[in-house]
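The following exercises are meant to be worked through with the sequence and the structure side by side. Try each task before reading the solution beneath it.

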2 protein chains.
Amino acid sequence: MKPTILISNDDGIESQGIIRLAKEIKKFATVIVAAPHTQQSAVGHSITMSNPIRMSKIFYNKEFFGYAVEGTPADAVKLAVHNLLKEKKIDLLISGINQGANTAINIIYSGTVSAAAEGTILGIPSIAVSLASYIYKNFDAAAEVASKIAKAVLKYGLPTGTLLNVNVPPVPKSKIRGIVITKQGKSYWNDVYEKRIDPNNREYYWLTGYMVKTDKGLEYDVSAVEKNYVSVTPIHYDLTDYKTYEKMKSWKLKL
Amino acid sequence: MKPTILISNDDGIESQGIIRLAKEIKKFATVIVAAPHTQQSAVGHSITMSNPIRMSKIFYNKEFFGYAVEGTPADAVKLAVHNLLKEKKIDLLISGINQGANTAINIIYSGTVSAAAEGTILGIPSIAVSLASYIYKNFDAAAEVASKIAKAVLKYGLPTGTLLNVNVPPVPKSKIRGIVITKQGKSYWNDVYEKRIDPNNREYYWLTGYMVKTDKGLEYDVSAVEKNYVSVTPIHYDLTDYKTYEKMKSWKLKL
């Protein structure tokens, strides 16, 4: 029997990346799409609690039947799994294909990764897939990568609480040098807020900046992708810093 | 010389928790406040990239001079450190006092913790402080705890990339049994979306549910707080699952 795969993203249900992904995954799986109705980048792991969430069913582009959710990526996944698909067993969740890398510290701001994290929290093996460029528009290689890794996860499984964060270099398949298992990079952002003045003479700020790339070698996501490898990083949400946990036992903390 | 402490939160600059915190910390430090102008709970680690951010200076309640930022907690911290306080050295960041626990998986949805995480990313030792109740309104004990732990961090320091996530039980100081160093709990949510019909006959959903408390013993945040201890969990944002990283090397992944 075909596996059932839930597809979500943060770029919205009408984005090119999710359509290309669905087209590829349909080749071997029953695909269900539940995604935000509009672009939700850099939402981090937001969920909507103070407001109601709405959902509308749509058909799109002949590739899929999808649920458009008026909420964040995590909302879309939560609502799909809890209410829309109650009866169905989901074998795998894929979030993507995102336009833009989700490597190093970017992971924590990423709506794409948060959709996969939500899948993991709900007990579904999950994968986040990103194409590491904002301008390269050919999702073919990334879709093929997603398909390969989805099949591998269906075969090997993933530990409870762990998801795979996949980043694909923005080059044709023939230029991709391989797939490597990586760690989250240590590269960081040098943020700059550009100060501007609006027509009413009020100040406002735009976030901009550049990534300071400190990672070398194929063991880190950032540098693996730069060298035209696909990076596959297993990540989890046990944030405890165990080393510091042990060390802090010598702190004298009394009320 | 007095240390300089930046205070932020996710409940907004006018919330009771941040005012009480500022009042306490002012006793030994120069306090600067930069916080969202409105409530931002469950925003996760969102940042605003597609829209401009605005900032207005305000005075509030005689306790502090603060920057109200029209954005998320991470936005407020980023903007404060990069633009508003460029010249100043920040010795410590405290985010809080949040109304409601930030323990176990809640950490990843938490705006309070994300403000502290942003501080950590910017190289500032950071602490997130939450009062583990939505209804208990006495922040006195939590403020005193925040002050104690702030002083400890100023004394002992924190490793780069690690923040302290502090949860205070909702009881008077006399009922608090102590301060324990904890790990992030494994408790999880049993989400329910309540389906309703609006006056125009459209469906909508509210997120609700309850936490399934699987943690026992004082070494986990959830159960420590339940037993009326203050929990202090060192957390970091290296999400790599190193065990799975090693295991996956045997996966055969080829394009």
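**Exercise 1.** In this predicted model, decide whether K26(B) is buried, partly exposed or exposed, and say where in chain B K26(B) lies.

*Solution.* Begin with the count of neighbours: K26(B) has 15 other C-beta atoms within 10 Å. A residue needs 20 or more to be called buried and 12 or fewer to be called exposed, so K26(B) is partly exposed. Next, place the residue along the chain, where K26(B) falls in the loop between α1 (16-25) and β2 (30-36) of chain B. Finally, compare sequence with space: S147(B) is 121 residues apart from K26(B) along the chain, while their C-alpha atoms are separated by 9.6 Å.

**Exercise 2.** Work out which class of burial applies to M55(A), and find which residues M55(A) touches beyond its neighbours in sequence.

*Solution.* First locate M55(A), which belongs to strand β3 (residues 54-60) of chain A. Its count is 23 C-beta neighbours inside 10 Å, and because the cut-off for a buried residue is 20 or more, M55(A) counts as buried. Leaving out residues up to four places away in sequence, M55(A) touches Y67(A), A68(A), V69(A) and L79(A). One of these, L79(A), is itself a buried residue of α2(A). As a further distance, the C-alpha atoms of M55(A) and V33(A), 22 residues apart along the chain, are separated by 12 Å.

**Exercise 3.** Describe how helix α2 (residues 73-84) and helix α3 (residues 111-121) of chain A are placed with respect to each other, and how far α2(A) is covered.

*Solution.* Two packed helices are described by the angle between their axes and the distance between the axes. Here the axes come within 8 Å and cross at roughly 25 degrees. Since angles under 35 degrees count as roughly parallel, α2(A) and α3(A) are roughly parallel to each other, and their crossing is right-handed. On the side of α2(A), the contact is made by P73(A), A74(A), A76(A), V77(A) and K78(A), and on the side of α3(A) by G111(A), T112(A), S114(A), A115(A), E118(A) and G119(A). By class, these residues divide into 5 nonpolar, 4 polar and 2 charged. As for covering, 9 of the 12 residues of α2(A) are buried, and the helix is mostly covered; among the buried ones are D75(A), A80(A) and V81(A).

**Exercise 4.** Explain why strand β11 (residues 230-236) of chain B can be called largely enclosed, and identify how strands β7 and β8 are joined to β11(B).

*Solution.* Start with burial: 6 of the 7 residues of β11(B) are buried, so the strand is largely enclosed by the rest of the structure. Then take the pairings in turn. Strand β7 (residues 162-168) of chain B runs antiparallel to β11(B) and is joined to it by 6 bridges, with T162(B) standing opposite H236(B). Strand β8 (residues 179-181) of chain B, by contrast, runs parallel to β11(B) and is joined to it by 3 bridges, and there V180(B) has S231(B) as its bridge partner.

**Exercise 5.** Find how many residues of chain B are in contact with chain A, and which element of chain B gives the most to that side.

*Solution.* The count is 66 residues of chain B in contact with 65 residues of chain A. Several elements of chain B supply at least two residues each, including α2, α3, β8 and β11, and α4(B) gives the most, with 6 residues. Sorted by class, the residues on this side of chain B are 38 nonpolar, 15 polar and 13 charged.

Key:
Residues numbered from 1 in each chain as written. Chains lettered and ligands numbered in written order. Predicted model: local features only at pLDDT ≥ 70, side-chain atom pairs only at ≥ 80, totals over all residues. Helix = DSSP H or I, 4+ residues; strand = E, 2+ residues; numbered from the N terminus. Pairing = 2+ DSSP bridges. Contact = placed C-beta atoms within 7 Å. Nonpolar A, V, L, I, M, F, W, Y, C, P; charged D, E, K, R; others polar. Axes fitted to C-alpha atoms, helices over the stretch in contact; angles between N-to-C directions. Parallel < 35°, antiparallel > 145°, perpendicular 65-115°, else oblique. Left-handed = near helix turned anticlockwise from the far one by under 90°.
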